[in-house]
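Here is a short tour of a protein fold, written to be read with the viewer open. Please keep the sequence at hand as well.

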Amino acid sequence: MLVKAIIVDDDLKSRELIHSFCKAYSDDKIQILDLCNSVDSAIIAIEKNKPDLVFLDIDMPEKNGFELVNHFTDIPFEIVFVTGHANQFTKAIEISALNYLMKPINPLNIKSIVERFENKKQLADSNNRIEVLKNNLNSDKKSIVFPNNDGFKVALISDII
């Protein structure tokens, strides 16, 4: 599975460093779709590219990373907070971030983040398939599961022609 990601950090060197670590340690598993220097540019990039994962700096000049999270009513991507301040760990955990990286970043953490994302995705797919199976067994046959390259896709029977 190829994980589509966006990097959001106001510091150019940090964006480039995370990008280079992604290429070096997980190039076959992660594709960087965009590098954004602000929350506003990230919102546009997220809506356009529909990433699976967002590396998000917390402290940025105009708007912080938490404001990006608050912009979305439904967050269809996983978040990895990136910061140089350890005191923001609790808030990141409250938001259920996939991970939290402290600057300076250890490049090996990128590999473990991608693995953690894949495991979480597989678990969600498995739970979704089980839910469909339960519904179908209870004569509430509204959906069906199809295998695809990324695992499985659930489709409503009413959408199938």
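The sections below go from the overall layout to single residues.

## Overall layout

Please keep in mind that this is a predicted model. The protein chain is built from five helices and seven strands. Read from the N terminus, these elements follow the order β-α-β-α-β-α-β-α-β-α-β-β, so you can trace the chain in the viewer by that pattern.

How much of the protein chain is buried? Of its 161 residues, 36% are buried. The exposed surface of the protein chain comes to about 9700 Å², and carbon and sulfur atoms supply 51% of that area. Among contacts with a separation of 6 or more, 56% are between residues 24 or more positions apart.

## The salt bridge

How many salt bridges does the structure hold? There is one, and its partners are the side chains of K63 and D40, at 2.8 Å from N to O. The pair counts as a salt bridge because that spacing falls within the 4 Å limit between a Lys or Arg nitrogen and an Asp or Glu carboxyl oxygen. This pair links distant parts of the chain, 23 residues apart: K63 sits in the loop between β3 (53–57) and α3 (65–71), while D40 belongs to helix α2 (residues 39–49).

Are the two partners buried or exposed? K63 has a relative accessible area of 33% and is partly exposed. D40 is partly exposed too, with 37% relative accessibility.

## Helix α2 and the residue after it

Helix α2 also has a buried side: V39, A42, I43, A45, I46 and N49 are buried there. In general, an α-helix has 3.6 residues a turn, so residues three or four places apart point the same way. That is a handy thought when you look along the buried positions of α2. The cover over these buried residues includes β1 (3–8), β2 (30–36), β3 and α3.

Which residue comes just after α2 with a positive phi? That is K50, with a phi of about 50°. K50 is not a glycine, and most residues other than glycine have a negative phi. K50 lies in the loop between α2 and β3, and its relative accessible area of 54% makes K50 exposed, because the cut-off for exposed is over 50%.

## Helix α1: a buried isoleucine and a charged patch

Helix α1 (residues 12–26) offers two residues to look at, E16 and I18. I18 is buried, with a relative accessible area of 1%. Leaving out residues up to four places away in sequence, I18 touches I7, F55, V82 and I105. I18 is 14 residues from I32 in sequence, and their C-alpha atoms are 9.8 Å apart in space.

E16 is partly exposed, at a relative accessible area of 42%. E16 joins D10, D11 and D59 in a patch of negative charge on the surface. E16 can be part of such a patch because its accessible area is over the 30% that a patch residue needs.

## Strands β2 and β5, and helix α5

L35 lies in strand β2 and is partly exposed, with 35% relative accessibility. Which residues does L35 touch, not counting those up to four places away in sequence? They are I7, R15 and H19. I7 is also touched by I18 of helix α1. The C-alpha atoms of L35 and F55 are separated by 9.6 Å, and the two residues are 20 residues apart along the chain.

M102 is found in strand β5 (residues 99–102). M102 is partly exposed, with a relative accessible area of 32%. From M102 to F81 is 21 residues in sequence and 8.4 Å in space, C-alpha to C-alpha.

Helix α5 (residues 108–137) holds L108, which is exposed at a relative accessible area of 52%. L108 and F21 are 87 residues apart along the chain, yet 8.1 Å separates their C-alpha atoms.

Key:
Residues numbered from 1 in each chain as written. Predicted model: local features only at pLDDT ≥ 70, side-chain atom pairs only at ≥ 80, totals over all residues. Heavy atoms only, no water. Helix = DSSP H or I, 4+ residues; strand = E, 2+ residues; numbered from the N terminus. Buried < 20%, exposed > 50% of the residue type's maximum accessible area, 1.4 Å probe, protein only. Contact = heavy atoms within 4.5 Å. Areas by Shrake-Rupley, 256 points an atom, 1.4 Å probe, with all protein chains shown as cover. Patch = residues over 30% accessible without salt bridge, like charges linked within 9 Å, V, L, I, M, F, W, Y side chains within 5 Å. Lys, Arg positive; Asp, Glu negative; His and termini not counted. Charge placed at Lys NZ, Arg CZ, Asp CG, Glu CD.
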